[in-house]
Amino acid sequence: MQALRNMFRSWSSDARLDGKTVIITGANAGIGKETAIDLAKRGARIIMACRDTGKADAALKEVKDASGNQDVVTSRLDLADSKSIREFAENINKGEITRICIIMTPLINNAGVMVCPYEKTADGFEMQIGVNHMGHFLLTYLLLDLIKRSTPARIINVSSMAHQWGTINLEDINSEKNYDKQKAYSQSKLANILFTRSLAKRLEGTGVTAYALHPGVVQTELWRHLNKPQQAVMWLAKPFTKTSVQGAQTTIYCAVAPELETESGKYYSDCAPAKCSQAAMDDEVAQRLWELSCKMLSITWE
């Protein structure tokens, strides 16, 4: 039990977010929903950006009831479709969703897919690199001017310890020549950290900071694509995994911890700085990934 307590390091803060707006992708379930509940309790205005509007509406009621905060809205966002991403960002930038001036926007890029069968997004990207990296890369790009006007602001990318087994295949980023769903997932999570590092450098001096994190091995719907032997292993390991509430803690920490105000570009786990792989600190690959992402998304972002 002592080992379990050490594994799930406790952290708490009474930091308030009154008058501040938080955008959370994938907020209709799991750690995204728990993050929304916690930050809503702190007085934040929450925008739950979700693909499934039915699930989003059900989650909206849960978040409002659990937090006691009625200033929570949902908006449709499909990270597998750049048209949907652009429409969502346009609505945010026009103020059609928030309705009032945003004072601060922690953008929490939480949504994701995990070890799914080979499939492509609406834009032709392999699903895992497309949703987990490309979709959030484009969303951040489209909202960045607004975020810069809302400083101090934070951008949080939910990665995974699985990044340690990943490599960035710049010659076949969409895994068209050879698809291994575990390798594709690890590549996308490594991309999250490399994006965070590159973004932090570009945002120096702007008042906007960026963070990447591993939430822990969380009991989540993302397990649905594991094969039966893998699901059996996860079931046996369940006592050592985190609930969604526990899994949300590092995201919340990165969103509100005052001591992180001057930190940027780093990687966190269990509400503390953590070591990432050597590949996750390769600035040359990070730059090449940035350039490739811009090219594939048809955007200019120096």
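Okay, let's start with a little cluster of charges: Arg197, Lys201 and Asp283 are linked in a network of salt bridges. Before I go on, keep in mind that this is a predicted model. A search of the whole structure turns up 12 salt bridges, and I'll show you a few others.

Take glutamate 90 and lysine 94. They form a salt bridge, with the closest N and O atoms 3.0 Å apart. Why do these two line up? Both sit in helix 4, and because they are 4 residues apart there, about one helical turn separates them. Glutamate 90 is partly exposed, at 41% relative accessibility, while lysine 94 is exposed, at 53%.

Now a pair of another kind. Lysine 120 and glutamate 176 meet through their side chains in a salt bridge, 2.5 Å from N to O. Lysine 120 is in the loop between strand 4 (107–109) and helix 5, and glutamate 176 is in the loop between strand 5 and helix 6, so this pair ties together parts 56 residues apart in sequence. Lysine 120 counts as partly exposed at 37%, and glutamate 176 counts as exposed at 52%.

One more pair: glutamate 263 bridges to lysine 266, and here the closest N and O atoms are 2.6 Å apart. Glutamate 263 is partly exposed, with 24% relative accessibility; lysine 266 is partly exposed too, with 41%. Hold on to lysine 266, please, since it is also the bridge partner, in strand 7, of tyrosine 211.

That takes us to the sheet. The protein chain has 10 helices and 8 strands. In what order do the strands of the sheet run? It's 3-2-1-4-5-6-7-8, an open sheet of 8 strands with mixed pairing. At the edges you'll find strand 3 (72–76) and strand 8 (272–273), each pairing on one side only.

Let's zoom in on strand 6. It runs parallel to strand 5, and 6 bridges join the two; one partnership there is isoleucine 155 with alanine 210 in strand 6. Strand 6 is also parallel to strand 7 (residues 266–269), joined to it by 4 bridges. So, is strand 6 buried or exposed? Mostly covered: 7 of its 7 residues are buried. Val208, Ala210, Ala212 and His214 point one way, Thr209, Tyr211 and Leu213 point the other, and all are buried.

Next, the inside. The largest nonpolar core has 40 residues, and among those with the most contacts inside it are Phe88, Phe137, Ile155 and Trp301. Several elements give two or more residues to this core, including strand 2 (45–50), helix 4 (82–94), strand 5, strand 6 (208–214) and helix 10 (283–297). Helix 5 gives the most, with 11 residues. For a feel of the packing, look at phenylalanine 137: leaving aside residues up to four places away in sequence, it touches Phe195, Trp290, Ser293, Cys294, Leu297, Ile299 and Trp301. There's a second, separate core as well, with 36 residues, including Ile24, Leu60, Val218 and Ala255.

And the outside? The chain exposes about 13700 Å², with carbon and sulfur atoms supplying 51% of that. Met161, Trp165 and Val217 make a nonpolar surface patch of about 290 Å². Methionine 161 sits in the loop between strand 5 (153–158) and helix 6 (181–202), and it's partly exposed, at 31% relative accessible area.

Last, the overall numbers. Of the 302 residues in the chain, 56% are buried. And of the contacts with a separation of 6 or more, 77% come from residues 24 or more positions apart.

Conventions:
Residues are numbered from 1 along each chain as its sequence is written. This is a predicted model: local features need pLDDT of at least 70, side-chain atom pairs count only at pLDDT 80 or more; totals for chains, interfaces and linings use all residues. Side-chain values use heavy atoms; hydrogens and water are left out. Patches are made of residues with over 30% relative accessible area and no salt bridge: like charges are joined within 9 Å, nonpolar side chains (Val, Leu, Ile, Met, Phe, Trp, Tyr) within 5 Å. Accessible areas come from the Shrake-Rupley method with a 1.4 Å probe; for residues, only the protein chains shown count as cover. A salt bridge is a side-chain nitrogen of Lys or Arg within 4 Å of a carboxyl oxygen of Asp or Glu. Buried means under 20% relative accessible area, exposed over 50%, partly exposed in between (1.4 Å probe, protein chains only). A nonpolar core is a set of buried Ala, Val, Leu, Ile, Met, Phe, Trp, Tyr and Cys residues joined through side-chain atoms within 4.5 Å. Contact means heavy atoms within 4.5 Å. Two strands pair if DSSP finds at least two bridges between them.
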